[in-house]
Structure formats: C-alpha cells, structure tokens
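Open the structure in your viewer and keep the selection tool at hand. Each stop below gives something to select and then tells you what is there.

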Amino acid sequence: MDVEALRIAEVIVDVPAMEINRPFDYLIPDEWLEEVQIGSRIRVPFGNRLVVGYCIGKKSKTSHAKLKAIDHVMDLIPPLTPELVELGKMMAEEYLCHPITALQSMVPAVLKGNYQKVIHLHPKSRELFPVFTLAEQTLYDTLKNRGECHWEEALTLPGVTETLLKSWLRKKRIWVEERVKDRVTKRKVTWVWGSDLEKLRYGLENVPPQAKRQKELLNFFLAHPEPLALPKLLSQIPTTRSTVQKLVEKGWLKWEEREEYRDPYRGREFKQTAPLPLTKEQQFAYQAIVQSMIKQQSETILLHGVTGSGKTEVYLQAIAKGLEKKREAIVLVPEISLTPQMVQRFKERFGDQVAVLHSRLSHGERYDEWRKIRRGEVQIVIGARSAIFAPLSNIGLIIIDEEHESSYKQEENPKYHAREIAQWRAKMHRATLVLGSATPSVESYYRARTGEYKWIQLKERVHGRPFPQVEVVDMRTELREGNRSMFSRSLLTSLQACMDRGEQAVLFLNRRGFATFVMCRECGETLICPHCDISLTYHQSNQTIRCHYCGYIERVPQICPHCQSRHIRHFGTGTQRVEEELLRQFPERKVIRMDIDTTRRKGSHERLLNQFRDQKADVLLGTQMIAKGLDFPNVTLVGVIAADTMLHLPDFRATERTFQLLMQVGGRAGRHERPGKVIIQTYHPDHYSIQLAATYQVENFYRQECAMRKKHLYPPFCGLVTVLISHLDRILLLKYSQQMEQYLRQHLAGTCQLLGPVPPTIPKLKDRYRLQMIIKFQEKREIILKVKKVLAQLHQMFDDKDLRLSIEQEISQFFKE
C-alpha cells in the first residue's frame, strides 16, 4: 500500500506481550497530519479496543493492504524527543525488554494510559433473564438507573463478585466497553482583577452601605490594578469567594482560571550565592571539565575526590560555564536524602533554571517539573536515577554524583544502570559525563586506571582540613571484658564528650526496626514471613513484626506459634532499639532517627535534616540514607554501630560496599573548622576493607579488590548475567530451571561459564519460589552478541503465565559499536 509522503505512522502499542513485540502501522488522518510526530503519544484501535501507543517513525509505504487510522493525538508537544525514541529502541534490545516498557520508563507516571472497563446493561437483559438473585437485582438496578458502571465499582456492590460479572458477560446480560483515559491533571488557579477604573469607581458609589467587604475589595483593586490569584487575595482581605463572585457578576471585577505549575518549593526563598574561590585541585578539575565540554567529544571523566574536597562547587561552576555556551545539564544524586541539600545549593546558584525530579514529589508536581523541561523553560535538571531521561535538547554536561551507589541500578524492567544511559546520551549530544565519588565503583576505578575514562583526583579537603581520626573497636574484646551493650566504652565516652562540648554526633546502623528477628528460646524457631523466606522484623513503636520485602505485618505473638512456649523474644539491633538505648544512656539529650519508617511522609527528610542543622538535636541516628552527601558544620563525631552488616552477604560486591560505606560515613565528621573523629565497631577488625578504610588507603583497597575480582573472575574482568526465574509452584520451577540449564549449556558451550541453578539469597519472595543461574564470559563483542541472542530465546521457551523470568546484565560493552 502506497500513500502520500509520510502518512503512515509506526506505533509501539501499550500491550507488553512477546507475540506483538514490534511496531504496527497506522494511517495518519488529515486532521492529525501536523500533530503526529516521532515521540507523539497517541490513541489507536487495537483489536476491539483503544490503547495508548507511541509513534516511533513515519513512512509512505506499508506491506499491509488496509490500515486502521489513528484515533487521537494526546499531547500538543510529543512527550519523547526523537533522541529518546532511539534510546528506547536501544534499551529494548540491550536489556531484553518490551519496547513499550522502555519508552514508558522515560515519561512521568501520569502519561501512562489509564484503562477502564465500563459495564453496560444489555437492552433485553430483563426479558431474557427475568429471575434475579438479590446481588443480581442490585447490579441490575444500578446499571438501569445510571446507564453504566465501572467494573471495579461494580465489585463493591453487595454480593457482586468477579464470578457473577463474568457469568453475566458470557450470558450477554451485560457488555463491556474498554476506555483509555489520560491521567494528566493540571492545576488551575482563579485570578481576579478590576474591570477598569471607571467601573470600580462606579461600583464604590453604588454598592450598598452595609456591604463593607465589597467596598474593601473595590478599594483594593483601585489601589492595585494588576491581577491577583484568588487564594492570595483571600489571605490579604478577610472575605469569601462568594463576595468576589457577586462583584464579578455585577461587572465591576473580572476573573478567569489560569493553569499554574505545581511547584514543590513554593514558598521557599533561596538566597542567591556567588561562586566560591577554587583550590588548585578544584581549578584543575574545573578546567578539565570545561575543556572537554568545549571540545564536544563525548568524554567520560572520573572525578575521584575525597569527602569534603568540594566536588559540588566544581559541578556548579562547570554547569555555569556550560550555560554561557547555551548547553544544558543533568545532575543525578543517589538518595532522596541528598536532594534537599543539593537542591538548595543549585537553587541558590541558578534559581528558576533548575527543575527537580524525584520519587517523593507528587505525580502532579513531577509532571509539572517534567513539562518545564520538555518546554525548554529550564536548563538544569537535578534528581534521582530516572532524571537521566529528562527531555533536554542540548545537553552539554551530565553529572552522576556518588556514582558508586547501587540505587543507580533499576530493579524492574528495563534493568538499566543510569551510568550506561548517561554514556549513551552523552555520546548523542557530544556532551561530557562526570562520574563523581570519594569511593568510585571498582569498575569505574579500573576503567580510569586503564585509560578508558579520564581520571582526575581531589586528594585534599577544602582549606586543608585534616581527615577525621579513626578508631576501630573490636567488639569481641568488649564482650570478653564484660560489656554486653551495643555501644563500646569508647563510643559512649566520646558521645558524652562530644555533647558536653555542644557539638553533634551521627550514628549509623544499616538496619531499621527495633530488632532484626524474633525467636522462640524454647524451640529455636524464628518467625518467618508466610510469603517470603525471610525473618520478620520487630518494630517496638506499634508492637508489630513486619516483612520489609512484601509488606506483610502482624501483631507480635505472645506465645510461639510452633511450640506454644511463652519464651519468645526479639534479638539483634535495629535503629529503633539503638534510639531507645541512646535515650536510656543520655535521657536529657535529643535524638533524631532517620530511616524509611520515619521518612515515609512527604517532606519528612527535609524537616528532620533541618532540625538537625538547626541544632535541635544532639544525635542523628540513621540507616544508609544519612551516610552520604550530608554536610553539617557542628558534627564532629561519627559512630558506626556494626560495620559487619554487609560484609558477609553472598554478593561479590559486599567487601567493596563495606569499604565505600565506611569511607562515606566517616566523611560526615570534621568537615568544617572543628576536627572530627570516627569510631567503627566491628567483630572483624582485621578484614582488609575495614583496615584500609580506617587508614584511608584507597589505592591499596582498589588494587587488592581488583586482584580478588580477577582471580575469581568477576566484573570488571568478565561479563556477568544473572537469570532469575520464579513460579508459584516449586515443582514446576525445578522442571523449568533444568530445561533452561540444558538449553544454555547446549548453546553457550565453550564460550561461557554457567553456575546454577541454585536458590538466591531469598529463595521465596511474595509467594513465589525462586532459582537463579549466573553466566560468566569474556567481554568480546561476538560473545556478547551470542549470549544476548540465546537469552532472548528464553522468553519464548515456555507457555506458562505464572512463570517469570528476570535477566540482569553486567556488561561494560553496552551501547558500544
């Protein structure tokens, strides 16, 4: 079929299924010819329903004899740029996911289609089926009176079940219409102003004497003729909306609704700051980044700067230079807790040129921030992992702060790493990518040392401030000498001295809750989540035990459910328990606890951090969210309650993460005029990650860790793929895993090393049994292509909707020709 030039759109539809994992051709009607562009979000007929799709290309020829037409174009400006559409195609190929999954990962949640099933009554329903049960009569009356009802709403009617609705559908008592709606909402604000001076004066002369508020309003607009938002007007003048409406109806005032952005920082004032003088090392780093931007050669720079060396100031000044050249910037931060301080520094330097994208914003706020970016109203985007997809059109600089952080890896499909996406976008825009960290990932360190990345070091703290003194406390010795407390004697003494001097302390523990598990001392059984093979965590505040993986929660039992013994108690140490012990030891002191339980509510991160900054507490106690990026002048003591938490996890990165965490936590102390001290409590004081972190031997750690990785063949010395399969039925899972293993061994023989199938760390999660296989291979292009081809076939091996397959890849050759 041939048509006029570019009248056919190639569309990826919102139906994530392997059998339709391709673009479909649709005819572009005359009325949508101008609006349909690459990246447009459109509504198209698919089968007997309407679905959302994305236009990924336009052409003039198709192999199909007849085409359906596009039903509707959903946005004036396409949500995706042509560059992001190309990136989506690449992600689908590289991460082995559906194209629609890749495309939807780049846009705000409100732009994803909202599908609704609407029930209608068959015209002859009563004639065909005259006898109803009570539940059927309720359903019939509802549909008869209202004409239609949403499927979910029908299920809330007394006695109406899924089975009943499906039965009526089969018997044609009802028919179902599938609708697709937009979830986009826009904030509207009413603005008020005076019609004109003559009418305002006329109104004052003719308003009834008793209408004092109306007179006050008319006088106000005589003095202030410019339009004013109604909420602000009502806050300045003690009146009501109805009073304003009366004056509008008389023609003396005018009002209209205007769209307004939802600003997450509305009401906050940011005092503008000037660039700070740079040290020699900072100046060298700044010049290197600026020169790279000027050359426009898509270079990756590892900015390896110790804690307190002033990396953020280098970022700010490099971005400012880029703005002078009309180049935009993306800044990624790993934790939401970093965002308030980081955003403040950027807003103070760049004002309204900054947009913020992170998960703690409401859907509306996130959508409005995203719209500012898409419309070209801002030049700097700061946010967490997904901010890497910000639809900027002329990127000059991408910065990934704390680049070693695991939160840059997406856990759901598409399983991308923000660093890999950043490298691809930097290449497309000929931009500079800066990876900043005091403790880079082993992979980034290796690539910098072998010349793949440019390596710039900041070895000194700003103003030459000394690194904090580090003391490693052997908790085995404490126990032998009669101290059974969670605090060593050294930490307690140092805490008391710190607070007596009017200074503040930070205590770090990577466990939330009151205790790690609840166990019966009679039979030895631990309380396990019924849906996951993981122990339940005790929370003292509401006397519950919870699963931190699936959210299961129950009251703490008084007797053991296995042996009926009353000797049941909690063991281990969580943040709640540390908080309780701290208050017992120092009853007159104030402690702020920061973990996921205390920071669930919007704005709670910022509120707690501001309280600590304003010295309304003596101790900040928290989990990993307080370990990085926070800068408080009065903090001189950092205590690590249990340095061994992650050390012996079955993960080849466990040692690296322990080292990084200790270095990062220690970096919170003594960042300003007062010297700092770090106390690390551990049961393994001789482990090289703890020893080298305590003595700041960064180079030695990376050399030793690289030697270990090379010896045991782990990244960056090989490619690694983890295949995780899960099923509700354990027997079927075992059967499928054996078939997969045979297939992989047969097709990858001689090129790869296959380990497993074996149960992962958590063998059962959310009622699903799990097994995993690990594939190791040399990172040669031909081997990588072969592995990807074989992995792509795994999705098509089994016709079982209950089987789930997850493929996670660690390959440095991503997006490379």
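Start with E581, which is found in helix 19. Before going further, note that this is a predicted model: local features need pLDDT of at least 70, side-chain atom pairs count only at pLDDT 80 or more, and totals for chains, interfaces and linings use all residues. Residues are numbered from 1 along each chain as its sequence is written, and side-chain values use heavy atoms, with hydrogens and water left out. Helices (H or I, at least four residues) and strands (E, at least two) are DSSP runs, numbered from the N terminus.

**Helix 19**

Is E581 buried or exposed? Its relative accessibility is 13%, so E581 counts as buried. Here buried means under 20% relative accessible area, exposed over 50%, and partly exposed in between (1.4 Å probe, protein chains only). Show the contacts of E581, leaving aside its neighbours within four places in sequence: they are S485, M486 and F487. Contact means heavy atoms within 4.5 Å.

Now widen the selection to residues 575-585, the whole of helix 19. T575, Q576, V578, E579, E581 and L582 are buried there. An α-helix has 3.6 residues a turn, so residues three or four places apart point the same way. Colour what covers the buried residues of helix 19: helix 18 (489-500), strand 20 (504-508), strand 22, strand 26 (591-594) and strand 27 (619-622) are included.

**The sheet with strand 22**

Follow strand 22 next. It belongs to an open sheet of three strands in the order 22-23-24, with antiparallel pairing. Two strands pair if DSSP finds at least two bridges between them. Which strands stand at the edges? Strand 22 (537-539) and strand 24 (553-555) do; each has a single partner strand, so one side of each is left without a neighbour in the sheet. From one strand to the next, the twist averages 30 degrees. Axes are lines fitted to C-alpha atoms, for helices over the stretch in contact, and angles run from 0 to 180 degrees between N-to-C directions.

Select strand 23 (residues 544-546). It pairs with strand 24 in the antiparallel sense over three bridges. Label T544, and you will find R555 of strand 24 opposite.

**Strand 28 and its partners**

Go to strand 28, residues 635-640. Six of its six residues are buried, so strand 28 is largely enclosed by the rest of the structure. Strand 20, already coloured as part of the cover of helix 19, pairs with strand 28 in the parallel sense over five bridges. Q504 stands opposite V635 of strand 28. Then add strand 29 (residues 677-682), which pairs with strand 28, also parallel, over four bridges. Here G639 has I679 of strand 29 as its bridge partner.

**Two helix pairs**

Select helix 16 (residues 442-449) and helix 23 (residues 698-712). They pack at an angle of about 100 degrees, with their axes 11 Å apart. That makes helix 16 roughly perpendicular to helix 23. Angles under 35 degrees count as roughly parallel, over 145 as roughly antiparallel, 65 to 115 as roughly perpendicular and the rest as oblique. Show side chains for V442, E443, Y445 and R449 of helix 16, and for E699, Y702, R703, E705, C706 and R709 of helix 23: these make the contact.

Stay in helix 23 and pick M708. M708 counts as partly exposed, at 37% relative accessibility. Draw a C-alpha to C-alpha distance from M708 to A154: it spans 61 Å in space, and the two are 554 residues apart in sequence.

Move on to helix 24 (residues 730-748) and helix 25 (residues 781-794). Their axes come within 11 Å and cross at roughly 155 degrees. The two helices are therefore roughly antiparallel to each other. At the interface, M740, Y743, L744, H747 and L748 of helix 24 meet K786, V787, V790, Q793 and L794 of helix 25.

**R173**

Finish at R173, in the loop between helix 6 (162-170) and strand 8 (174-181). R173 is buried, with a relative accessible area of 6%. What does the side chain of R173 make a polar contact with? The partner is the side chain of E136, at 3.3 Å. A polar contact is a pair of N or O atoms within 3.5 Å; within protein, one must be able to donate a hydrogen and the other to accept it, and residues adjacent in sequence count only if both atoms are side-chain atoms.
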